[in-house]
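Trainee: Before we discuss the charged contacts, may I see the structure? I should then like to ask how each label is justified.

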Amino acid sequence: MLERRVIRTRVRAYGIENIVAALHDRQRIAEGRGILSYCNHIAVLDEPLLWGVLPWHLFQDTYTTRWSLGASDILFKNALFSAFFRMGQTLETFRGRGIFQPALDQALDKLAETRWVHLFPEGAVNLTHCTRMRRFKWGISRLFLEAPKSPVVIPIWLTGFDQVMPEHRRAPRWLPRLGADISVTFGEPIAQAKLQPYADLYTQLKARQDTDIAHHLPALPSAVPNEHLYPNAPAQLRPEDSPAYAALRSHLAALLREELAKLGEETRKRQGLGPGEGNLVHRTDLVGRDYKTDVPT
């Protein structure tokens with residue numbers, strides 16, 4: 001564990017060796033596999049502050065610096081912001097345009113180049129202090145499934161960033177708060193054995209060998225029952241898309257969400273906190289409700 005104190009702020013980092021090893025893994029590079037990391041999203045400064053725990057030498061090479069996706073209406077709202085975030089390896093993403101948009105295509109190109117792409121798959125700040133998360137956007141599933149070679153997938157869990165710059169705060173809004181206790185936990189790469197069935201099913205769909213994949217889908221995590229899996233969600237159709245592919249993306253998103261929650265639970269236990277697991281299923285009864293009043297804090 002790495003621990004620092006910066007201007008009355010306590011910073012703890014766990015598992016840094018997991019991301020460093022993946023970045024320098026020659027076998028991964030030789031196989032043409034990128035890195036896909038993802039984490040929970042609890043404050044407006046999660047990105048880029050969370051990377052401050054990494055060794056400085058990683059920032060001396062664009063190859064070992066992450067690419068991220070950022071909302072156009074926030075990070076690219078003027079010429080100055082646009083130039084700044086593009087130089088910071090951020091891809092402009094448009095809310096409401098779905099997972100088949102240029103930013104996701106560009107992220108796939110980066111993975112094809114064996115680069116590192118990072119996502120916040122909840123798609124918005126989630127002000128919960130437990131491991132209960134919003135439903136994951138399907139873009140993370142698309143990046144894994146459509147990459148030329150399956151990327152190494154690394155979950156990351158954050159705590160305490162909501163103390164630095166919460167979404168709802170008094171003036172001066174631009175000033176980070178001191179005295180926070182934050183941590184960043186880099187999990188081990190998710191076992192390929194867990195992810196390979198999804199990649200195999202996508203290959204079948206792409207080859208048009210089987211468009212009814214319901215009976216082939218891998219078993220979902222125990223906390224995600226089938227009846228809570230977006231039963232009425234419309235598929236984001238395009239010529240090469242299908243409802244079967246939408247189901248596959250949803251199943252994979254549920255698995256990735258479960259894996260991140262497990263890492264969150266491990267982090268909480270390490271820090272002496274309660275279980276805090278909340279409810280991790282893709283619950284249809286939450287659709288249209290205010291998550292801020294529904295999620296315990």
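Mentor: Please bear in mind that this is a predicted model. Let us begin with the burial of one arginine.

Trainee: Why is arginine 142 called buried?

Mentor: Its relative accessibility is 3%. Buried means under 20%, so arginine 142 counts as buried.

Trainee: What makes the contact of arginine 142 with aspartate 105 a salt bridge?

Mentor: The closest N and O atoms of arginine 142 and aspartate 105 are 2.7 Å apart. The cut-off is within 4 Å, so the pair qualifies as a salt bridge. The pair links distant parts of the chain, with arginine 142 in helix α7 (residues 139–146) and aspartate 105 in helix α6 (residues 102–112), 37 residues apart.

Trainee: Why is aspartate 105 called partly exposed?

Mentor: Aspartate 105 has 34% relative accessibility. Partly exposed lies between the limits of 20% and 50%, so aspartate 105 belongs in that class.

Trainee: How do you know that lysine 262 and glutamate 259 are separated by about one helical turn?

Mentor: Both lie in helix α9 (residues 243–270), and they are three residues apart. Their side chains meet in a salt bridge at 3.6 Å, N to O. Glutamate 259 is buried, at 13%, whereas lysine 262 is partly exposed, at 36%.

Trainee: How many salt bridges does the rule give?

Mentor: The count comes to ten. Among them is the pair of arginine 33 and glutamate 31, whose closest N and O atoms are 3.7 Å apart. Salt bridges also link Arg10, Arg12 and Asp181 in a network.

Note on methods
Residues numbered from 1 in each chain as written. Predicted model: local features only at pLDDT ≥ 70, side-chain atom pairs only at ≥ 80, totals over all residues. Heavy atoms only, no water. Helix = DSSP H or I, 4+ residues; strand = E, 2+ residues; numbered from the N terminus. Buried < 20%, exposed > 50% of the residue type's maximum accessible area, 1.4 Å probe, protein only.
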